[in-house]
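This report describes selected parts of one protein model for a reader who is new to structural biology. Please keep the sequence and the 3D view at hand while reading.

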Amino acid sequence: MLTIDAINALIGVDESYKASDVLFKQLMDTDQRLALFQSFLAKESDLSFDWFTDYFQEEHSDRKKNKQDFTPDGVVELVNRLLGTSHFNADICAGTGGLTIKRWTTNPTAHFYCEEYSDRALPFLLFNLAIRNTDAVVFHGDSLTRKAKAFYRIEPGQQFADIQAIDDLAVAKADTVVMNPPYSFKWEPSKDMLDESRFKPFGVLAPKSKADYAFLLEGLNRLSDTGTMAIILPHGVLFRGQAEGKIRRQLLELGYIDTIIGLPEKLFFNTDIPTVIVVLKRHKANGKVFFIDASKEFTKGKNHNYLEPQHIDRILTTYRNRVDVDKFAHLAVLDEIKDNDFNLNIPRYVDTYEPEPIPSLTEITADLQQIDQEIKAESKAFGATLSQLVGTNAEADREIKAFAKYWSDRFND
């Protein structure tokens, strides 16, 4: 794995904050781009993962303002396998391209569409697409307001793709959409957005304080009628009310929500919160929703938890079988969801409660005896402390000694 220092040396900067600007200039010059790609491949030839995830997460991400949190490898693998094969994949809030790269490893001839707002992340995204010789277009701008900064065409070549800035782009619907947007992002919606095709069917906009459903509906708007979308979001989208509750209900009544997968906590670099993968399909034949509680499917690490192959395999097997698994999965019909007021909180559908074993009378007696011994020991220690106290006058001193004697007589039988 390339270190931060190694990446900086290859780009030719002495400080990481300079990397984005320098990299972009190199990418837009054909000769420099080819030399740069060759130098990287001489150091690291495995194109199956994003070399920049850790580098960007530690050195460039803006968690406070943009709530950037890059997708960990185990979640990337799970999402990719959930979506399967694809001819055209869209990645909204693409970051440096980790999810797209994983999609490319299993769909190398597919067409890719990426959106990314961050000026810092964009050069790394373009790099990742071009060095892998992908067929792609990139929207550099705000996915929610649709305000564009630039557009790019990634044109496949003999070994590496060319990068060209273009004036505009027309994007068809994708058969797979993948998203890991910033969680509970603050945005500034305008009322005229309700006339846009992505929001109009739902009658309300996501609240200003939480754009989660705005991102979801933007991704859904990019999905073809026969496609599948997977989006990673905080648990709050499952049960929060008001506008979010109305959007959720409409999604359920339209039959778009297919599966809810609850992930373990502490999987991400900058947040400990547990997250969910929401799988959506436009072409569902019924209103059933499949719930998987995978919150205990992890290997504990020092600072983070990890989804490993055995956990991913269990989740995928359950997802494909789509049948109830005790304390792990449940297929809920729409009437059941209606009875829960369209609340999708996973514990309402998957009961993971494990009753504590009832101790025997012998164990209870032993515990009581132990507690009794501890009470006596502590009481004797307290009595010893009392006997050392001295009152501030004769009367107070007599009272203290009387109480100390009473206590000593009571617990020294």
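In helix H13, the residues Ser379, Gly383 and Leu386 are buried, where buried means under 20% relative accessible area, exposed means over 50%, and partly exposed lies in between (1.4 Å probe, protein chains only). Helices (H or I, at least four residues) and strands (E, at least two) are DSSP runs, numbered from the N terminus. An α-helix has 3.6 residues a turn, so residues three or four places apart point the same way. Helix H13 covers residues 361-387, has 27 residues, and reaches 39 Å from its first C-alpha to its last, close to the 39 Å expected at 1.5 Å a residue. The expected span is 1.5 Å times one less than the number of residues in the helix.

The model is predicted: local features need pLDDT of at least 70, side-chain atom pairs count only at pLDDT 80 or more, and totals for chains, interfaces and linings use all residues. Residues are numbered from 1 along each chain as its sequence is written, and side-chain values use heavy atoms, with hydrogens and water left out.

## The sheet

Strands of a sheet pair through backbone hydrogen bonds, either parallel or antiparallel. Here, two strands pair if DSSP finds at least two bridges between them. The model contains an open sheet of eleven strands with mixed pairing, in the order E5-E4-E3-E2-E1-E6-E7-E9-E8-E10-E13. Its edge strands are E5 (162-166) and E13 (329-332), each of which pairs on one side only. On average, neighbouring strands of this sheet are turned by 15° against each other, direction ignored. For such angles, axes are lines fitted to C-alpha atoms, for helices over the stretch in contact, and angles run from 0 to 180 degrees between N-to-C directions.

The table lists pairings in one part of the sheet.

| Strands | Sense | Bridges | One bridge pair |
|---|---|---|---|
| E7 and E9 | antiparallel | seven | Ile232 and Ile277 |
| E8 and E9 | antiparallel | five | Ile260 and Val278 |
| E8 and E10 | parallel | four | Thr259 and Phe290 |
| E10 and E13 | antiparallel | four | Val289 and Ala332 |

In a regular strand the side chains alternate between the two faces of the sheet. Strand E9 (residues 275-281) is mostly covered, with seven of its seven residues buried. Thr275, Ile277, Val279 and Lys281 point one way from E9, while Val276, Val278 and Leu280 point the other way. Strand E10 (residues 289-293) is likewise mostly covered, and five of its five residues are buried. From E10, Val289, Phe291 and Asp293 point one way, and Phe290 and Ile292 the other way.

## Thr259 in strand E8

What surrounds Thr259, leaving aside its neighbours within four places in sequence? Thr259 is in contact with Ile277, Val278, Val279, Phe290, Tyr319 and Arg322, contact meaning heavy atoms within 4.5 Å. Thr259 belongs to strand E8 and is buried, with a relative accessible area of 0%. In E9, Val279 stands opposite Thr259, and in E10 the bridge partner of Thr259 is Phe290.

The side chain of Thr259 also takes part in polar contacts, including one with the side chain of Asp258 at 2.6 Å and one with the side chain of Arg322 at 3.2 Å. A polar contact is a pair of N or O atoms within 3.5 Å; within protein, one must be able to donate a hydrogen and the other to accept it, and residues adjacent in sequence count only if both atoms are side-chain atoms.

## Asn340 in a loop

Asn340 lies in the loop between helix H12 (334-339) and H13. At 17% relative accessibility, Asn340 counts as buried. A polar atom of its side chain lies 3.2 Å from the backbone oxygen of Glu336. Leaving aside neighbours within four places in sequence, Asn340 is in contact with Arg348 and Tyr349.

## Cysteines

How many disulfides does the model have? A disulfide is a pair of cysteine sulfur atoms within 2.5 Å, and by this rule the count is zero. The sulfur of Cys93 is too far for a bond, because the closest cysteine sulfur, in Cys114, is 11 Å away. Cys114 is accordingly in no disulfide, and its nearest cysteine sulfur is that of Cys93. Cys93 counts as buried at 18% relative accessibility, and Cys114 is buried with a relative accessible area of 0%.
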